[in-house]
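Please find below a few numbered points on this model, offered for you to read alongside the sequence and the coordinates.

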Amino acid sequence: MIRRKTKASHQESRHPPVNQRRRAERSGRVAEALVIIWLLVRFHRILAWRWKCHAGEIDLVARRGRTIYFFEVKYRRRHDVAAAPSPRQQQRIIRAAEDFANRRRISRNLEWRFDLVQVGWPSPAFPWILRHLPHAWDASPGRNTLRRP
């Protein structure tokens, strides 16, 4: 007897359950809110949070002095899971940043910086809650690579 997959079981295999996605979304928002508080303490001005356009999404956009910061925030419960955007995600964030700058008429004279902030729970191996990786990747043409600390 051949067993066929039902439509429900097929969808479950491709996508995580709805409750799991909602929990991940909620955890991501909490992590972003924590990063916003951290940035405000460090005298950054928040320009946008969860900014979306046709090109992609930017978790946080902030400014301090003559620098515009585009932050990607990654929350992980386990530290052994990679918490860095893929090259494809990096390209999407760069395109969204360009769109953001055009729509908001951000001066091209300002320095742009793409930073990664990892948020997680402390453990003996990783004694940090928030880890900032400045200049996480280079947005220069032909050099879009993640910089490791």
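1. A nonpolar core is here a set of buried Ala, Val, Leu, Ile, Met, Phe, Trp, Tyr and Cys residues joined through side-chain atoms within 4.5 Å. In this model, which is predicted, the largest such core has 21 residues, and those with the most contacts inside it are Ile58, Val61, Phe70, Phe100 and Phe114. At least two residues of this core come from each of strands S1, S2, S3 and S4 and helix H3 (87-104), and H3 supplies the largest share, six residues.

2. Leaving aside residues up to four places away in sequence, Val61 touches Arg45, Ile46, Leu47, Ala48, Ile68, Tyr69, Phe70 and Phe100. Apart from the largest core lies another, of 12 residues, among them Leu60, Ala62, Val117 and Val119.

3. Helix H2 (residues 18-41) has 24 residues and should therefore span 34 Å at 1.5 Å a residue, which agrees with the 35 Å between its end C-alpha atoms. Its buried residues are Ala31, Glu32, Val35, Ile36 and Leu39, and these pack against strands S1 (45-52), S2 (57-64), S3 (67-76), S4 (111-120) and S5 (130-133). Just after H2, Phe43 takes a positive phi of about 65°.

4. The largest pocket holds about 850 Å³ of space and is lined by 24 residues, of which Ala24, Gly28, Lys74, Tyr75 and Arg76 lie nearest its centre. H2, S2, S3 and H3 each supply at least two residues of this lining, with the largest share, eight residues, coming from H2. By residue class, the lining of the largest pocket divides into 13 charged, six nonpolar and five polar residues.

Conventions
Residues numbered from 1 in each chain as written. Predicted model: local features only at pLDDT ≥ 70, side-chain atom pairs only at ≥ 80, totals over all residues. Heavy atoms only, no water. Helix = DSSP H or I, 4+ residues; strand = E, 2+ residues; numbered from the N terminus. Expected span 1.5 Å × (residues − 1). Buried < 20%, exposed > 50% of the residue type's maximum accessible area, 1.4 Å probe, protein only. Contact = heavy atoms within 4.5 Å. 1 Å grid on protein atoms, 1.4 Å probe; cavity = no way out; pocket = protein on both sides within 12 Å on 5 of 7 lines; lining within 4 Å. Points joined across faces, edges and corners; volume = space filled by probe spheres on them. Nonpolar A, V, L, I, M, F, W, Y, C, P; charged D, E, K, R; others polar.
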